[in-house]
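Keep the viewer open and follow the stops below. Each one gives a selection and then what to look for.

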Amino acid sequence: MEILIISGLSGAGKSKAASFLEDSGFYIVDNMPAAMILKFAEFCVGGGGRYARVALVYDVRTSQSFTELFSVLEKLRGMGDLCRMLFLEASAETIIKRYKESRRRHPLQKKSDSLEEAVERERKLMEPVKEQADFVIDTTGLPTARLRSELLRLFNGEGEQGGMTVSVTSFGFKYGLPLEADLVLDVRFMPNPFYIEELRHQTGLDKAVADYVFGFRQTHDFLRRLEELLSFTLPLYAEEGKTGLVIAVGCTGGHHRSVAIAHALAAFIRGQGYPTAEHHRDIERAI
């Protein structure tokens, strides 16, 4: 089992980090007291793998004395499970600006004369926790997408590719564009197997049709250039924080050319390490 403690300063981005980690497969529990962490860990062990990756958000709201937390961490690390701590921080100016924008109240503000004093007081209180952390991320000036990218790098185990799913779908232009498409590719310039009698009632998934479509040099040239483009752009989409990318490949009816190209494209993207889904929207429609 893997346990990650997410801690840090209020306003430094713990909630965003928890959301990104939840998307990566972590089971998230917010604001859990240290006294309950061990019992919860025992519960997760007996969960039959359902709670194999758990992230617990622990901060100054839970306690201002961290002796119990440190004792729990020592016990968890001694149990043989993977237990790590992530600490998020930011400059006082950044945290104050975020609180002003959100209009939320800092958890220590009632006991402080100003928001600035509350922020600095929390920073001193949380210093021992920061010293125990395995990873420290300063979110000052860090875009949300970059935070997500860094968390994927540290905790996803699959790199940025594992955080973005690519869907490749074929379609027929005469039935309309797929509404969810991010990129639309038009392959109607390719020779059409529809006009070959023995190929008309087959699809681009059949070898005879695929051999016909890829029997022309322009098909190979197109696919090569497309692969070069995707090799360049897919990592940038992942780095920007995109969780899903839909690539739609269209021909006239969605039976032959688009299906063959989408199938080949999905295989290429899968080979680049991205979780890839393949779908042929109009392949079952009557010709």
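Select helix α4, residues 92-102. Which of its residues are buried? A92, T94, I95, I96 and Y99 are. Keep in mind that this is a predicted model. Now add residues 115-132, helix α5. The buried residues of α4 pack against α5. Step just past the end of α4 to R103. Its phi is positive, about 60°.

Next, the cores. Where is the largest nonpolar core best entered? Pick L56 and L151, the residues with the most contacts inside this core of 53 residues. Then colour helix α2, residues 34-45. This helix gives the core its largest share, 6 residues.

Stay with L151 and show its neighbours. Leaving aside residues up to four places away in sequence, L151 touches A17, F20, L21, L86, I137 and N156. Another core, of 27 residues, lies apart from the largest one. To find this second core, select M164, V209, L234 and Y274, which are among its members.

Now go to helix α6, residues 144-156, and pick R153. Is R153 buried or exposed? R153 has a relative accessibility of 53%. The cut-off for exposed is over 50%, so R153 counts as exposed. Draw a distance from R153 to Y212, C-alpha to C-alpha. These two residues are 59 apart in sequence and 42 Å apart in space.

Zoom out to the whole protein chain. Switch to a cartoon: there are 9 helices and 9 strands. Why is the chain described as more spread out than a compact globule? Its radius of gyration is 26 Å, and the globule rule gives 19 Å for 287 residues, so the chain is well over that value. Along the principal axes, the C-alpha atoms fill a box of roughly 80 × 45 × 30 Å.

Colour by burial. Of the 287 residues, 45% are buried. Turn on contacts with a separation of 6 or more. Residues 24 or more positions apart account for 77% of them.

Finish on the surface. The protein chain exposes about 14600 Å². Carbon and sulfur atoms supply 50% of that area. Last, select the charged side chains: 36 are positive and 39 are negative. Mark the centre of each set; the two centres lie 4 Å apart.

Definitions and conventions
Residues numbered from 1 in each chain as written. Predicted model: local features only at pLDDT ≥ 70, side-chain atom pairs only at ≥ 80, totals over all residues. Heavy atoms only, no water. Helix = DSSP H or I, 4+ residues; strand = E, 2+ residues; numbered from the N terminus. Rg over C-alpha atoms; globule rule 2.2 N^0.38 Å. Buried < 20%, exposed > 50% of the residue type's maximum accessible area, 1.4 Å probe, protein only. Contact = heavy atoms within 4.5 Å. Areas by Shrake-Rupley, 256 points an atom, 1.4 Å probe, with all protein chains shown as cover. Lys, Arg positive; Asp, Glu negative; His and termini not counted. Charge placed at Lys NZ, Arg CZ, Asp CG, Glu CD. Core = buried A, V, L, I, M, F, W, Y, C linked by side-chain atoms within 4.5 Å.
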